[in-house]
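Dear colleague,

Here is the structure I promised to pass on to you, with my notes below it. Please read them with the coordinates open beside you.

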Amino acid sequence: MFQLNKTIVSEDILEKEFVCNLSACKGACCVDGDAGAPLDASEVEKLKEIYPKVKPFLRKEGIKAIEEQGTSVVGLDGEQETPLIDGKDCAYVIFDKKTALCGIEQAYNQGIVDWKKPVSCHLYPVRVKEYADFSAVNYHKWHICDDACSLGKELDVPVYKFLKEALIRKFGEQWYQDLEKVAQEMKG
């Protein structure tokens, strides 16, 4: 672990390799698990704001879940997250044949909304836990991403490079530049 400004960062994000491999995993992170995507307070408000524009991109099951539960819910850990369909799929998930995709991101890609998706989704496999005085930035290992780890290793792409856009979105350009400097120093 090392400190960067007000973050404590796991060295795993510099040392582990990762490149999403949707053709192999079929977007399993959007449909597996027992909780929705973590949301911060501003994202809860953003989902309320953009839902009418995102709704046409969603499946009927997702729309039903959102209209019954809300655009966000309080999870078992007491934190805000995206609602689920029958305790499984994220309510915002759509499918391109058998591959799970994000309905919010599809609306973003078509210029309908100006918000790509929850930052926790954009950052995966990095998870950020907020504390009073700092943020913990950790690598999350999940077996459904084994193919992404293999592809990252094959292409020699460390987690932090794969997640450059998302890390800048979360922490800013200067933070990312500082992270790159730490990575260079660690390589020797």
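Of the 188 residues in the chain, 45% are buried; please keep in mind that this is a predicted model. The fold comprises 10 helices together with 10 strands, and among the contacts whose separation is 6 or more, 66% join residues that stand 24 or more positions apart.

As to overall dimensions, the radius of gyration is 17 Å, which agrees with the value near 16 Å that a compact globule of 188 residues would have, while the C-alpha atoms occupy a box of roughly 55 × 35 × 35 Å along the principal axes.

Turning to the surface, the chain exposes about 10500 Å², of which carbon and sulfur atoms supply 50%. Its charged side chains number 25 positive and 32 negative, and the centres of these two sets are 4 Å apart.

I looked at one helix in detail, namely α7, which spans residues 146-155 and in which Ala 148, Cys 149, Leu 151 and Gly 152 are buried. Viewed down the axis of α7, these buried residues fall within an arc of 165°, and they therefore line one face of the helix. Strand β10 (135-139) is included in what covers the buried residues of α7, whereas Lys 153 and Glu 154, on the other side of the helix, are exposed. Just after α7 comes Asp 156, whose phi is positive, at about 55°.

With best regards

Conventions: Residues are numbered from 1 along each chain as its sequence is written. This is a predicted model: local features need pLDDT of at least 70, side-chain atom pairs count only at pLDDT 80 or more; totals for chains, interfaces and linings use all residues. Side-chain values use heavy atoms; hydrogens and water are left out. Helices (H or I, at least four residues) and strands (E, at least two) are DSSP runs, numbered from the N terminus. The radius of gyration is taken over C-alpha atoms; the globule rule is 2.2 Å times the number of residues to the power 0.38. Buried means under 20% relative accessible area, exposed over 50%, partly exposed in between (1.4 Å probe, protein chains only). Contact means heavy atoms within 4.5 Å. Accessible areas come from the Shrake-Rupley method with a 1.4 Å probe; for residues, only the protein chains shown count as cover. Lys and Arg count as positive and Asp and Glu as negative; His and the chain ends are not counted. The place of a charge is taken as NZ of Lys, CZ of Arg, CG of Asp or CD of Glu. The arc is that of the directions from the helix axis to the C-beta atoms.
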